[in-house]
Every structure is written in C-alpha cells, then in structure tokens.
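Hi everyone, thanks for coming. I have one structure to walk you through today, so let me put it up on the screen.

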Amino acid sequence: RQLRARPSAGARLRTLRPLARYPHATGEARLGHPHPTTMGRNPKKAGKKAKAKGGGGGGERMKDVGADDSDFELEDGVTVVTGETDDEMDEDGSGREEDGVPARPAVWRPGIDGMDADEELEYDPSVYDCLHAWQLDWPCLSFDVMRDEMGDDRESFPHSLFAIAGTQADIPHKNHLTMMRLTRLKKTRRGGDKGAAEERKMDDDSDASDDSESDSEGNEGGVAPVNGPIIQVQKICHHGAVNRIRSCPTRPSLVATWGETGVVQVWDMSPQLTKLSMLTADAKDAGSAMNQVPQRTAPRHAFTGHADEGYALDWSPTVDARLVTGDNAGGIHVWEPMEGGRWNVDKNSVYSGHTSSVEDLQWSPAESQVFASAGADGYVCVWDARNKATPALKVKTHDTDVNVMSWNRVANCMLATGADDGGLRIWDLRMFSPSETKFVANFQFHRAPVTSVEWSRFDSAMLATASADHTVCIWDLAVERDAEEEAAAMAADDNAVAPDDLPPQLMFVHQGLKDPKELHWHHQIPGLVLTTAADGFNAFKAYNVGPGC
C-alpha cells in the first residue's frame, strides 16, 4: 500500500484542458501527475512535443490552449503532447474516415483491450464539467475532504474547498499533514451551447476584475495576477508516513491519523484552518501560503496500544468526536470522547472478530452504537459497540481480502464492499446473514484490487470506486439496460458500440492516474470527486453526474 516517490517542487495546481485541434481532443497533458482519458479509442500516431521552460510552482496555472494553438510553451516544466493537424492525418491515412465512411469509435476497456505502439487514448474534454490536477511535495496515500461553512448543494462555478492529506515521504521525519484550500476551481468544459458561452463570459468578466485588482496591488509592490485555480496550504510535522487520515465530520479541524509507526494520533488543526480561511484568493496571499515550512505541534491525543500498525479509521457521524480504529493484527478499539479534549481508549479492551488485518471501518449513519469492519479474511462484521466479545453479524462477503467498504448515508440499509480481486459488491443489510450470503449486485469490471469505494450523498444509488488498474469509476445502480434507448443512440455514427459485458450501471471511467489509492465525493458540491494517486491529486466532475444530468 505504501507510496514512495521523489518529491515534487512544492505544491502546484493545474487545470487540464484540451490540447488538440479536433472536436474531440486527441492530445494528452503530461504534467508529471494524472492526465485524463475517456473510454473512447482512436488510432493516432504520437503527437508533437512542445518544449517547456522551467519556473516556480506555487499558485501558477496551466496556460490556456485554444483551438488554433499548435506550438506553445507552458510554465513550470510542463510538457504537452498535441495531436496532429487534419492535413497530417490525411497524409498518413490514420484519419477518422475509412473508404470515405466515418469509422465508428470503439470502447476501450482497461486491462482487456491492448494498444498498438502508434495508438494513444483519446481525451474528450467535453465529458468533464471540470477537471483539475495538482501535486504536493510528496505523494499521499490518504486524504479527506473537510466540511466547510460555504453551504450545501453548491452547483455554481467557480468552486472552493478544503482538504487534508498525509504524506508518504522517503524519510520518516520529512512527513507532514497538509491542509489545503483550493479556490477558483472553474468550469473547464467548453461546450458550444448558449449557456456555456454565457458562463465563459461571466468567468472572463470575473478574471478581468481580478486582473484589475491584482494590477493595482502590483503597482504597490504586489505580484503578478493569478486568474486560474489557486492552492494554499498549511502544514504540521508528522513523524512517519501517514497510512490514513480523516477529518471529524462534526468538528472538521479535528483530524485523526494512522501512522506507519503504529501510533494513532488526533490533532487540533483549528489554527491552520483559521489561517487558511482568512487568506484571500489572490496572487499575493497565494504566494505567501505556498511551500510553507511544517510547524511543530503536539497532538491532542496519541494511542500506542494497537498491536500493529493499521489503516482502518472512522469518525462517528452521530456521536461528536467518537472514533474507531483497527490494526493489521485484527484488533479494533473504540475511542470515547471525554471532557477536556481527551479520549478514553483502553488498549486491553479489544474487539476481536477477524482472523487477519482489519482493512476498513465504517460507523452506521443512523445507529450510534453500531459499526462495521472489513477484513483481509474476506469477512464483514457488524458490531454493537457495547459488546466487544463477538460481532452481532459476521458474513463472508468475498473470497479474497475485503480492502474497503462504504455505508450508504442516504439509504442506510445499503453497504458496498471492494475486494482484492477487483470485485465490487452491494449488500442490503436487511438480508445480511451468515447463513445465506446474498448480494444485491456484483460487478467484476475492475482488473486489479479495489482501493477505495464511497457512496454519494446527493443520490442514494450512486457510488464511486478506485482501483489499482489505474481507473476511477462512477456507478449508478438505478440504471437498467434499455434496448430501445440503445438502438436510438446507435443511430448516431459517433456513438461507440458498448460490449455486452460492460455493465449498464457504469456511468463514467476516469483514467490516466497512476495507482489511485483513495477517492472522496465532495458532499457539499454534488458530483465533484477528488482522488489521490502516486502522481498527485485530481478533482473532476463528469458531465453526466450530479443535479440536472
């Protein structure tokens, strides 16, 4: 599970945009971190490389690339691969037409369909309402989205958000917790409809206003204007790599970490949150908030009673500051909050129900005394927190390790599990029984271990998964195959033929990441998904996911 990589040059935030001349972009942005690809496939020869020049990182953004751009340079060591021109495509016969008839695109399935040496995946920017990518100075195995006070059900761009991440540095003392504030996450989809044009005009007017303010500051010794997305960070030291990190849903500045040292710690990061909240989203504050030296601060509480290191960790959504943690030795501990900002957690009081490591834990969204655990022994246990001796239910859910699970916060009876064999299963807890293992749905689309799963809170039937096959998938369990609708859709020549084994519930596949480890929906911005991988973070919203789709 560990992520080990060389550090990048400070925190950077980039907007990924179409980089080719075709209506469906054929280029891919190579940023040293994830680039997106959709499931479409189109044989094309490798594009031309645009030279890049070096530069500083903090707060800068990718240069916009218009439809008429061909030769250009980007800042901060970014290399861009563009597609060929229409003339070049016609000359070598690798265009879209075959014998005068447009070739119908085919669905490319990761792990199943191969690629020739002169082929590349096609990035279709029209399928993303927004897509942004960034890196911190070290890769992060785990992160969490922090609840904020900017309101729920935020649909209008640009967006702002807070997140917390823990690093995986090469040397223990180099690790830290990074609190991030991302602002100006604009809509990157460039459609041709009137609404999109009006929204672009509004963005341009906003940028012009920002430019004017920044220019006036620059005349007084300020810095150059920044109109794109901005990332601002605050850091605190953390000895050892961070296996998992979670922000308390009732008190977001309260952060719990599972360390590779075998210690679980709770941190009060309210000073860092307050400082980030007071910064303005302009170039001056962006520059001052980048590449911060990690501050040394003591944790609010540290527990060394686990028999081994671990990864399982969850805050209760119903009891303020209540925590449950699980380790690789199969032990589980419940942390009871006390007055004075401490916790009562007894190292001799262990919930023992698994014969192998506890991989994930989830509190019930409705019952304050109920939580579930997933183990490498293939079992899921449902516990009554008042009974440590034995679980209330113990069900064999997979034949391999159960890596992750998610308890539906809207439809409380539904549980999702992801396994080491790539399997994704949906369970109805009303029919969850050790005597009869009966899942609601079973998907075997992923070709490698499922590393993360999470239900959305804006739609009870929608969830997202990440996998070691380098994909992030969005699923809608309410979708059923409709032969008439498929036939009508296939009347258009540019629609791909879906393979029979492709699940109709599969709504979207986000690719181009390197070994994604964890994902989270932003529960206050419906449809927005954030991910962490070996090569950085992504934030994206698929065009067919969220309100109004």
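Let's go straight to the second largest pocket, which has 46 residues in its lining. If you want to find its centre, look for Asp144, Arg246, Gln362, Glu454 and His520, the lining residues that lie nearest to it. Do keep in mind that this is a predicted model. The space in this pocket comes to about 990 Å³.

Which elements give two or more residues to that lining? They are strand 11, strand 15 (242-247), strand 19 (312-315), strand 24 (358-363), strand 28 (402-407), strand 32 (450-455) and strand 36 (518-521). Strand 32 supplies the largest share, with six residues. By character, the lining splits into 20 nonpolar, twelve polar and 14 charged residues.

Now, on to the nonpolar cores. The largest one has 20 residues, and Trp134, Met180, Leu530 and Phe537 make the most contacts inside it. Several strands supply at least two residues each to this core, among them strand 10 (128-135), strand 13 (176-185), strand 37 (528-533) and strand 38 (536-542). Strand 11 (140-146) is another of these contributors. There is also a second, separate core of 18 residues, including Ala441, Val453, Leu502 and Val509.

Stepping back to the whole chain: we have five helices and 38 strands. The chain has 549 residues, and 54% of them count as buried. Of the contacts between residues at least 6 apart in sequence, 65% join residues at least 24 apart. Finally, the chain exposes about 23200 Å², with carbon and sulfur atoms supplying 46% of that area.

Thanks, all!

Notes:
Residues numbered from 1 in each chain as written. Predicted model: local features only at pLDDT ≥ 70, side-chain atom pairs only at ≥ 80, totals over all residues. Heavy atoms only, no water. Helix = DSSP H or I, 4+ residues; strand = E, 2+ residues; numbered from the N terminus. Buried < 20%, exposed > 50% of the residue type's maximum accessible area, 1.4 Å probe, protein only. Contact = heavy atoms within 4.5 Å. Areas by Shrake-Rupley, 256 points an atom, 1.4 Å probe, with all protein chains shown as cover. Core = buried A, V, L, I, M, F, W, Y, C linked by side-chain atoms within 4.5 Å. 1 Å grid on protein atoms, 1.4 Å probe; cavity = no way out; pocket = protein on both sides within 12 Å on 5 of 7 lines; lining within 4 Å. Points joined across faces, edges and corners; volume = space filled by probe spheres on them. Nonpolar A, V, L, I, M, F, W, Y, C, P; charged D, E, K, R; others polar.
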